[in-house]
Amino acid sequence: MATSFYKILLDPTARHLSLPPEYVTMHLVNKIRNNPIIRSANGGYSWRLKIKQIGDDYCFVNGWNNVVKDIQLGFGDFLLFKLVDQSTFRMSIYSPDGCEKILQPKTDQNGCEKILTTNILHDDDDDPSFVSTFTKSHLKRLRFTKEFEEAVGIDGERTMTVKNLDGEKWVMDLKLDKSFKTKRYLLSTGWCNFWRENYLSEGDELLFKYIRREDTLLLAKVTKKNITKRRDKGCERD
């Protein structure tokens, strides 16, 4: 699905960015969800926006102004969007002089790298989410909270697809954990490969969101608390 388009930013103050009409006709109508993710080609930035028709144009809305603000886009910047799957665009940015912009990683108050999404917690849908801090207990499994299980409606063992913001997917086993007094479900087989390949490490704060329309669990946000070389200790290869 290597389709792409470019835009030259002429109004950095605008709250939306129009998409080329021909591109919409050829690639987007009935083919892409209306709440795509834009992920920067470098710097680790991600935003969840909406695609909405304004007049005759289809536009990125509901957060486009945050994109401009977060990475300080300016007049004349050349923006190249590549559709990597049905819900994700990868955005490369070039200055008016033709050189690609290399974005500085977002950092928190402690100077630690922070990978963010915009509006993930403010979508106008009822997709449930939960936050979990990565600890040693997460090396082999990821347990869900009781509230999350009830919101999703999990009522039996099955497989579950988990994806990251690049659209890469892992199919995992969803198992019933009987070690608690109350029934709890967890992700087991496939989880180790997921956290290794997404460079998760102890202390990271993880925001997961269940996308109902896809029956998919999305790793929507990672806040890096401990920028150290990750370890595979205690995790067997799946």
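This passage describes the fold of one protein chain and the salt bridges within it.

The model is predicted; local features need pLDDT of at least 70, side-chain atom pairs count only at pLDDT 80 or more, and totals for chains, interfaces and linings use all residues. Residues are numbered from 1 along each chain as its sequence is written, and side-chain values use heavy atoms, with hydrogens and water left out.

The protein chain contains 4 helices and 16 strands. Both are DSSP runs numbered from the N terminus: helices are H or I with at least four residues, strands are E with at least two. The chain has 238 residues, and 47% of them count as buried. Buried means under 20% relative accessible area, exposed over 50%, and partly exposed in between (1.4 Å probe, protein chains only). Contacts (heavy atoms within 4.5 Å) often join distant positions: of those with a separation of 6 or more, 60% are between residues 24 or more positions apart.

Five strands form an open sheet. Its order is 1-7-8-3-4, and the pairing is mixed. Two strands pair if DSSP finds at least two bridges between them. Strand 1 (3-8) and strand 4 (46-48) stand at the edges; each has a single partner strand, so one side of each lacks a neighbour in the sheet. From one strand to the next, the twist averages 25 degrees. Strand 3 (residues 37-40) and strand 8 (residues 88-94) run parallel and are joined by 4 bridges. Ser-40 has Met-91 of strand 8 as its bridge partner. Helix 1 (residues 21-28) packs on this sheet and touches strand 1, strand 7 (78-85) and strand 8. The direction of helix 1 makes about 160 degrees with that of strand 1. Axes are lines fitted to C-alpha atoms, for helices over the stretch in contact, and angles run from 0 to 180 degrees between N-to-C directions.

The structure holds 6 salt bridges. Each is a side-chain nitrogen of Lys or Arg within 4 Å of a carboxyl oxygen of Asp or Glu. One of them pairs Asp-166 with Arg-90 (3.2 Å, N to O). Asp-166 lies in the loop between strand 12 (158-163) and strand 13 (169-177), Arg-90 in strand 8, 76 residues apart. Asp-166 is partly exposed at 25% relative accessible area; Arg-90 is partly exposed at 30%.

Arg-143 and Asp-177 form another salt bridge (2.5 Å, N to O). Arg-143 is in strand 11 (residues 142-143) and Asp-177 in strand 13, so the pair ties together parts 34 residues apart in sequence. Arg-143 is partly exposed at 26%, whereas Asp-177 is buried at 8%.
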